[in-house]
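Subject: Structure handover

Hello,

Here is the structure for your files. Notes on what was found in it follow below.

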Amino acid sequence: MINFEKFTLDNGLRVIVHRDESTPIAAMNIIYNVGARDEDPEKTGFAHLFEHLMFGGSINIPKYDEPLEKAGGENNAFTSNDVTNYYLTIPEQNLETGFWIESDRMYQLAFSEKSLDVQRNVVTEEFRQTHLNQPYGDVWLLLRPLAYRVHPYQWPTIGKEIGHIQNAQMDDVRAFYDKYYNPNNAILVVAGNVDTGEIYKLAEKWFSPIENTGKNERNLPVEPVQTKPRFLEVKRDVPANAIYKVWHTCNRNHPDYHATDLLSDILGNGNSSRFYDQLVKNQKLFTNLDAYIMGSFDNGLFVVSGKIANGVKAKDAENAIENELNKLATNLLAERELDKVKNKVESTMVFGRMNILDKAMNLAYAEILGNAANVNFEEEKYRAVTAQKLRDTAQKIFQPGNCSTLHYLKKN
């Protein structure tokens, strides 16, 4: 159980406080309700660009890292298609330093052409290294637009194409910041040996003077139901053939989510999973084969990806995958296998409650999805999944018409 208290400032900033007397370290997590799905289709990669720009200095703090490091703190951030998340840990007695630096960059970034040039170059180089010059790096540049035709999940967080960031202009960058980096579009979680009354005073002192400059009202297009299979084959200079298959699934808040997540674990989580046991170890069709879900806030994807063993035809490898999926859609899972996969999930969640930063992140995610209190019911929802529910969910997802397939083959 993660206990917490919550209050909202007049400017709309939601603040969640979790008290943990066992640690001298405090964690701050600020999640902004903006991700790659909120971008202009002709100006993609901006959410990720801002993850970098937010460390380039704010109006009163030229170097974000410097005062934090002097106070014994550490920080990082990440961007997804749904959110942008910034977090830090710091000794509890220096917590106000965290409030100071986080509020200042929410208040006003130190926009300059020099800073924009630097971060633009960093992100474009990252695009080259991770998506253009790395084996299999362009997989999601191919898969996302294959699976999504309307919804903005059709591009990855790095952006649709490198030119969008290369050509990012200051006016566009400022407009993005003004619209999304606002108190009413953010959630602050503070966890550690802290007092809610003191956190309220600090939040009032550092965040309440910040005014809202925009309002994030989403009206995203709904992806039509896919009814026909889609296929793409490419040839690249890679060491091994690979196969990628994706199926449309429910969103993170849907009642089927936990069953869908368990299906991916049954297939691809660890050396005792069905894919590893049957297709990697026994039949030796793949050198590795994974299954996972995207966990997207809007309707997401169930992903199967693997490297095909030398001498195995791509179609034979694909048929073997389909055979394993059909078993899940046809037969009820044995109680022993179901308990095993549930126990793995539960142990992961228990471990996640031991780390103060993980607890802060989990609370932030639960709140942005609707209610921070839901963080305490996840295990219960996984435990409630039955073998019948798993079979029904598998039948619903693994329809041929719901699948997009990429054969990523090495050049002869």
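Helices and strands here are DSSP runs, a helix having at least four residues, with numbering from the N terminus. By that assignment, Thr-196 belongs to helix α8. Please keep in mind that this is a predicted model.

Thr-196 and α8

Is Thr-196 buried or exposed? Buried means under 20% relative accessible area. Thr-196 has 19% relative accessibility and therefore counts as buried. If neighbours within four places in sequence are set aside, its contacts are Glu-5, Phe-7 and Val-17. The helix that holds Thr-196, α8, covers residues 196-206 and lies across β1, β2 (14-19) and β6 (186-192). Its direction is at about 25° to β1.

The six-stranded sheet

The strands that α8 lies across are part of an open sheet of six strands, ordered β1-β2-β6-β3-β5-β4, with mixed pairing. β1 (5-8) and β4 (74-79) each have a single partner strand, so they stand at the edges and one side of each has no neighbour in the sheet. On average, neighbouring strands of this sheet are turned by 15° against each other, direction ignored.

Within the sheet, β3 (residues 25-32) and β5 (residues 84-91) run antiparallel and are joined by eight bridges. One residue pair to look at is Tyr-32 and its bridge partner in β5, Thr-84.

Helix α13 (residues 356-368) also lies across this sheet, over β1, β2, β3, β4, β5 and β6. Relative to β3, α13 runs at about 25°.

α3 against α8

Helix α3 (residues 95-107) is a further partner of α8: the two axes come within 10 Å and cross at roughly 30°. The two helices are therefore roughly parallel to each other, and the crossing of α3 past α8 is right-handed. On the α3 side, the residues in contact are Leu-95, Glu-96, Phe-99, Trp-100 and Ser-103; they meet Ile-199, Leu-202, Ala-203, Lys-205 and Trp-206 of α8. By class, seven residues of this contact are nonpolar, one is polar and two are charged.

The five-stranded sheet

A second group of strands, five in number, forms an open sheet in the order β7-β11-β8-β10-β9, again with mixed pairing. β7 (230-236) and β9 (286-293) are the edge strands, each pairing on one side only. From one strand to the next the twist averages 10°.

Seven bridges pair β7 with β11 (residues 403-410) in the parallel sense. In this pairing, Phe-231 is opposite Thr-405 of β11. Helix α5 (residues 139-147) packs on the sheet and touches β7, β8 (242-248), β9, β10 (301-308) and β11, with a direction at about 155° to that of β11. Helix α9 packs on the sheet as well, touching β9 and β10, and its direction makes about 170° with that of β9.

α9 against α12

How do the axes of α9 and α12 cross, and at what angle? The axes of α9 (residues 257-268) and α12 (residues 335-352) cross at roughly 105° and come within 10 Å. The helices are therefore roughly perpendicular to each other. Leu-262, Asp-265 and Ile-266 of α9 meet Glu-337, Val-341, Lys-342 and Val-345 of α12. That contact has four nonpolar and three charged residues, and no polar ones.

Regards

How values were computed
Residues numbered from 1 in each chain as written. Predicted model: local features only at pLDDT ≥ 70, side-chain atom pairs only at ≥ 80, totals over all residues. Heavy atoms only, no water. Pairing = 2+ DSSP bridges. Axes fitted to C-alpha atoms, helices over the stretch in contact; angles between N-to-C directions. Contact = heavy atoms within 4.5 Å. Parallel < 35°, antiparallel > 145°, perpendicular 65-115°, else oblique. Nonpolar A, V, L, I, M, F, W, Y, C, P; charged D, E, K, R; others polar. Left-handed = near helix turned anticlockwise from the far one by under 90°. Buried < 20%, exposed > 50% of the residue type's maximum accessible area, 1.4 Å probe, protein only.
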